Amino acid sequence: SQIDKISEANKSIKAIILDLGFSMLQMKNLSRGFSFNSKGPLDMRMGFNDYGANDVINKLDQKEIELILKYFGDERYNKRIALQIINLRRKKRIHTEDLVKIINKVKKKSHSRINQATKSFQALRIFVNNEISELIFGLINATKKLKTGSMLVVITFHSLEDKIVKYYFRTYSER
């Protein structure tokens, strides 16, 4: 989103690549709460945010959690998971391993290789890091840096990002 801060001396930019994935270093640092195997507090902050996923899970109301899971993670069981979060946090502060247990309890066993908690963790990470607005500003600011005939390449990792990028390209590619 801050690509517009690149020096104006770089006027010969011919291509920009936006890789929307996050670092394996972040994932492997179990104290950050990105991994399903993490112990302790959920954090998931990539930058200098004032709040982490632990604040979302332990402070927001049930409806807000439902909406985060639904819209940022396309989580089918968003209402049931949010209800279980609210029920457990009446007893104790929820940590990463607690959230994984809640999700596994709510969702039926799947034969998929994808972890049951993937969508919910994705939703929390996207919300905490303002990833959607960062993506939109990144697209806008990258486009401003490029001259006609230049190339903008975006590597997406889930359907929400993909839809935004495709909409942006479809809408603004001929301007």
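Buried, as used here for a covered face, means under 20% relative accessible area, while exposed means over 50% and partly exposed lies in between. With that in hand, strand S2, residues 151-155, can be described as having a covered face made of Leu152 and Val154, and an uncovered face made of Met151, Val153 and Ile155. The model is predicted, and the points below take up its strand pairing, a residue of helix H7 and three of the salt bridges.

**Strands S1 and S2**

- Strand S1, which spans residues 15-19, runs parallel to S2 and is joined to S2 by five bridges.
- Within this pairing, Ile17 has Val153 of S2 as its bridge partner, and Val153 belongs to the uncovered face of that strand.

**Asn141 in helix H7**

- Asn141 lies in helix H7, which covers residues 131-145, and its relative accessibility of 9% is the reason why Asn141 counts as buried.
- Once neighbours within four places in sequence are set aside, the residues in contact with Asn141 are Ser1, Ile3 and Asp4.

**Salt bridges within helices**

- Side chains of opposite charge can pair when their charged atoms come close.
- Seven salt bridges are found when the whole structure is searched, and the three described here include one in helix H2, one in helix H3 and one in helix H8.
- In helix H2, residues 53-59, Asp55 and Lys59 are four residues apart and therefore separated by about one helical turn; the closest N and O atoms of their salt bridge are 3.3 Å apart.
- The two partners in H2 fall into opposite classes, because Asp55 is buried with a relative accessible area of 19%, whereas Lys59 counts as exposed at 58% relative accessibility.
- In helix H3, residues 62-73, Glu66 and Lys63 are three residues apart, which means that about one helical turn separates them, and their side chains meet in a salt bridge with an N to O distance of 3.6 Å.
- Of this H3 pair, Glu66 counts as buried at 7% relative accessibility, while Lys63 counts as partly exposed at 48%.
- In helix H8, residues 159-172, Lys166 and Asp162 are four residues apart, so they are separated by about one helical turn, and the closest N and O atoms of their salt bridge are 2.9 Å apart.
- In the H8 pair, Lys166 is partly exposed with a relative accessible area of 48%, and Asp162 also counts as partly exposed, at 25% relative accessibility.

Conventions: Residues are numbered from 1 along each chain as its sequence is written. This is a predicted model: local features need pLDDT of at least 70, side-chain atom pairs count only at pLDDT 80 or more; totals for chains, interfaces and linings use all residues. Side-chain values use heavy atoms; hydrogens and water are left out. Helices (H or I, at least four residues) and strands (E, at least two) are DSSP runs, numbered from the N terminus. Buried means under 20% relative accessible area, exposed over 50%, partly exposed in between (1.4 Å probe, protein chains only). Contact means heavy atoms within 4.5 Å. Two strands pair if DSSP finds at least two bridges between them. A salt bridge is a side-chain nitrogen of Lys or Arg within 4 Å of a carboxyl oxygen of Asp or Glu.
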